[in-house]
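User: Could you walk me through the strands of this model and how they pair up?

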Amino acid sequence: MRLFPAVILVASLAGVSHAAPATYPKLETPMPVANSGPVLSAVDLFKQTAPSIYLIVAAKDEAALRAHKGVYEGSAVAITKNLALTNCHIVKGRAKLILIQKKQKDAATVIASDPRTDRCIIQTETMQLRPIVGVRAYRDLAVGEKVYTIGNPSGLTSTLSEGIISGLRTQRGVRYVQTSAPISPGSSGGGLFDERGNLLGITSFKMEDAENLNFAIAAEDYWRKPGPKQRAAHRKDDAGE
């Protein structure tokens, strides 16, 4: 029995596949150590973390971008000065990627991709990004913790929402943080943070026809190669099972 129907709502927006690098991950940087500093107010947390969240504008090509045809908007979270984490369904089939924050913008490229688990890493060409302060390991998370999301729902940049961790789930080898914090189209690729500003997950989808059932891919999974369970699931999918 599957925990989630297909890859649910947001992933259904994926479109056709595109020629992204086959290997995943392609991260030379180690996972940032979790910040153990003081608990922050929502105001201070937003000031600290919002500069690390970027708007992605994705289109098939330059002509489509200029005509605003088939343009998709999402979010990305900076982990180094030139790398950001996002969801593959935002960039799939869209070769023209622009990363934007306030008056800054730059072209970006997918450097690592695993569309089956919706994990993609993008790299800017010239713009210096502001990386997040730390990443919490999945094993350290607990149901009931207060959390915040920051993303760009419906193009409303740097939107802050709050909720709790309402579940910790594993599906086909990928670990998910279930949260009551709202997720909407455009939130995909944004960040789920704890009260110290540590990244817990990349907000990815919500359950259709349900309230407050929202999911983020565990941030730590962006540093993990597919394990045996994931590879077995991939083979079953390829066989049409």
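Here is a short set of questions and answers on this predicted model.

User: In what order do the strands of the closed barrel run?

Analyst: Happy to help! The barrel has six strands and its pairing is antiparallel. The twist averages 40° from one strand to the next. Going round, the order is β1-β2-β3-β6-β5-β4.

User: Which residue in β4 is the bridge partner of V57?

Analyst: Strand β1 covers residues 53-59 and β4 covers residues 96-101; they are antiparallel and joined by five bridges. Within this pair, L55 stands opposite I100 in β4. For V57, the partner in β4 is I98.

User: And on the β5 side, which residue is the bridge partner of I98?

Analyst: Five bridges also connect β4 with β5, residues 104-114, again in antiparallel fashion. One of the pairs there is L97 with A108 of β5. The β5 partner of I98 is A107.

User: Why is β5 largely enclosed by the rest of the structure?

Analyst: Here it helps to recall that buried means under 20% relative accessible area. By that cut-off, β5 is largely enclosed because, of its eleven residues, the number buried is eight.

User: Which residue has a positive phi in the turn between β5 and β6?

Analyst: β6 spans residues 119-124 and is joined to β5, antiparallel, by six bridges, with S113 partnered by C120 in β6. The two strands form a hairpin with four residues between them. The residue with a positive phi, about 65°, is D118.

User: What about the hairpin of β4 and β5: which residue takes a positive phi there?

Analyst: That hairpin has two residues between its strands. The positive phi, near 55°, belongs to K102.

Terms used: Residues are numbered from 1 along each chain as its sequence is written. This is a predicted model: local features need pLDDT of at least 70, side-chain atom pairs count only at pLDDT 80 or more; totals for chains, interfaces and linings use all residues. Side-chain values use heavy atoms; hydrogens and water are left out. Two strands pair if DSSP finds at least two bridges between them. Axes are lines fitted to C-alpha atoms, for helices over the stretch in contact, and angles run from 0 to 180 degrees between N-to-C directions. Buried means under 20% relative accessible area, exposed over 50%, partly exposed in between (1.4 Å probe, protein chains only).
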